[in-house]
Amino acid sequence: MKLHVINSPFNEEQVKLLNELLPKLTREQRIWLNGYLSAPLATIDTIVEETKPTVKPFTKTVTILYGSQTGNSQGLAEKYASALKDNEVDVTISSLATFKPNNIKKVTNLLLIVSTHGEGDPPDQAIQFYEFLHSKRAPKLEHLHYSVLALGDSSYEFFCKTGKDFDEQFAKLGATRIVPRTDCDVDYDDVAAQWFSAVQQELLQQTDKATTSTTQNQTAQGDTTYSRKNPFYAEVLENINLNGRGSNKETRHIELSIEDANFHFEPGDSIGIQPENDEKLVDALITALQFDPQTEVNVFEETLPLKNALLKKLEITVLSKPLLQKIGAFTVHQEFTKLLEDTSAWKDYANGRDLLDIVEDFAPFTWDAQQFVELLRKIPARLYSIASSQKANSEEVHLTIGKVSYETNGRQRLGVCSGSVAERVQIGDSLPIYVQKNPNFRLPEHEDTPIIMIGAGTGIAPYRAFLEEREELGIEGKAWLIFGDQHFVTDFLYQTDWQRWLASGTLSQMHVAFSRDTDKKIYVQHKIEENAVAFYEWIEQGAVIYVCGDKKSMATDVDAIIHRVIEQQGQKTPEEAKAFVNELKKQKRYQRDVYLHSAY
């Protein structure tokens with residue numbers, strides 16, 4: 001292809017430059033350039049007109065629904081809604097908590113972005129819609145065109161289960177996929193962007209990859225802030241153990257400098273830390289593998305020595321079923337095969353073990369260094385609730401990190417991030433961090449709204465941020481803290497802070513449960529039960545309930561007690577109590593920031 005001045009809108013000098021450039025472009029570069037130049041000018045109307053012979057069932061109206069526990073799904077939903085609006089699409093965006101389930105009958109094009117919480121559970125926001133869609137009341141949805149983006153964590157057995165369940169149920173009800181469901185692991189940015197590009201191409205009825213390239217280009221150009229992919233290196237200002245001598249625990253209070261980071265966060269948000277593996281564990285693994293640590297491997301489009309890849313890039317401490325299945329292709333060890341065939345057997349083995357155990361227990365393997373690293377995923381960032389108010393500490397952020405330490409199979413194990421913070425990170429060192437927004441764990445908009453804060457162990461962290469914020473704003477409304485740990489003498493985290501806030505009126509009342517100080521173990525749920533009358537009165541006064549801590553034990557038991565208190569004090573049936581709690585969640589009056597401990 002050659003341009004001439006007489007048949008183009010360019011002058012002679014421009015034609016000369018273009019004729020020099022165009023023959024040197026690859027096909028992909030031409031497609032990218034075409035999309036880059038045409039996208040700002042294109043509208044859906046002109047695209048539709050150009051493709052009249054092909055009738056597709058898409059219109060310019062799209063509904064985006066999200067179900068988010070920590071804010072990831074919401075963040076993606078808002079980002080993609082903005083991108084579609086820029087292409088003149090009429091977008092409606094809503095949380096599954098506020099979306100009326102029966103209105104699904106009125107939706108034509110649906111994008112659902114939903115996370116999976118814990119062991120295959122829907123996030124709190126999504127429970128009501130999930131139950132509706134799987135009930136007999138769910139309508140036929142032959143008119144609906146949809147696509148699901150599922151967020152999850154492949155270290156759990158039921159990876160992306162909520163997204164898979166929604167996807168399958170929509171199909172059973174007669175809906176048609178716009179593009180196939182995409183399942184995202186914890187490092188989801190690139191995979192999610194590919195899903196959205198495919199969706200956008202279909203919605204805009206484009207036949208080439210221009211939209212993909214344009215979207216990715218715009219995202220790259222707009223990403224000027226610190227993020228998970230571009231963390232800020234924060235200097236460690238303080239690193240102290242909050243537990244007293246003789247405690248069974250080690251809980252670190254970390255203060256980080258965020259000067260020049262331009263971070264903006266609110267109480268309830270988290271800080272993500274990009275950790276590195278323990279060098280001693282990496283060395284032991286390489287020795288067991290009988291690999292040269294300087295062997296170069298390609299990891300995520302980067303070439304680096306094997307030791308650096310295992311130290312800084314790849315997860316080596318968590319054994320998931322997908323990983324074990326991949327490893328199975330490189331061994332003929334009969335015991336390993338038996339392990340995979342028995343559900344309880346592989347779970348029992350994987351609990352508390354890591355890749356070094358696998359290599360030592362089931363050698364030999366047929367892999368080389370490159371094949372080995374290709375089995376592994378990126379080290380996931382570790383999220384920790386912020387334990388300070390930015391209004392009170394504008395250039396610092398405080399974290400509360402419990403050291404994970406245990407012994408399995410004759411070897412001491414440490415949490416990847418918590419072990420590093422407790423044993424290796426010194427004042428003056430830097431940690432790569434970013435802010436993780438959590439719009440589902442927020443102080444109420446109205447200052448006079450009562451708040452009930454329930455937490456155990458490091459679950460106390462966000463409440464320190466809550467009360468520091470309220471103190472800074474001069475709020476002295478009703479605030480009730482229920483905190484639990486093992487021993488009063490050694491484990492009363494931030495005790496002087498709570499006492500100061502009780503004295504000033506920032507905190508109006510506090511109940512504590514120290515489980516190991518008496519013969520009968522007392523936990524936070526027992527304190528709720530002991531104060532059931534007052535607890536229900538606060539709910540009737542409009543209180544917002546917050547729960548933060550371990551999901552499997554504390555949060556599950558607290559949830560059961562809350563249902564029981566509402567049932568008994570409100571004289572409701574179990575079904576009525578459940579409906580009441582669901583309504584509290586819908587109104588954001590029951591918010592949970594709960595987690596499962598996993599190699600932290």
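Reader: Why are Asp165 and Lys161 said to be separated by about one helical turn?

Author: This is a predicted model, by the way. Both residues belong to helix α6 (residues 161–172) and sit four residues apart there, so about one helical turn separates them.

Reader: What makes Asp165 and Lys161 a salt bridge?

Author: Their side chains come to 2.8 Å, N to O, and the cut-off is within 4 Å, so the pair counts.

Reader: How do you know whether Asp165 is buried or exposed?

Author: Its relative accessible area is 13%. Buried means under 20%, so Asp165 is buried. Lys161 has 28%, which lies between 20% and 50%, so Lys161 is partly exposed.

Reader: What about Asp167, and which residue does it form a salt bridge with?

Author: That's Arg181, with the closest N and O atoms 2.9 Å apart. This pair links distant parts of the chain: Asp167 is in helix α6, while Arg181 is in the loop between β5 (176–177) and β6 (182–184), 14 residues apart. Asp167 has 3% relative accessibility, so it counts as buried, and Arg181, at 26%, is partly exposed.

Reader: Why is Glu530 called exposed?

Author: Its relative accessibility is 51%, and exposed means over 50%, so the label fits. Its salt-bridge partner is Lys527, at 3.5 Å, N to O. Lys527 is buried, with a relative accessible area of 16%.

Reader: What makes you say that Glu255 has no salt bridge?

Author: The nearest side chain of opposite charge, Arg464, is 5.4 Å away. A salt bridge needs a distance within 4 Å, so Glu255 goes without one, though it is buried. Glu255 lies in strand β8 (residues 251–257).

Definitions and conventions:
Residues numbered from 1 in each chain as written. Predicted model: local features only at pLDDT ≥ 70, side-chain atom pairs only at ≥ 80, totals over all residues. Heavy atoms only, no water. Helix = DSSP H or I, 4+ residues; strand = E, 2+ residues; numbered from the N terminus. Buried < 20%, exposed > 50% of the residue type's maximum accessible area, 1.4 Å probe, protein only. Lys, Arg positive; Asp, Glu negative; His and termini not counted.
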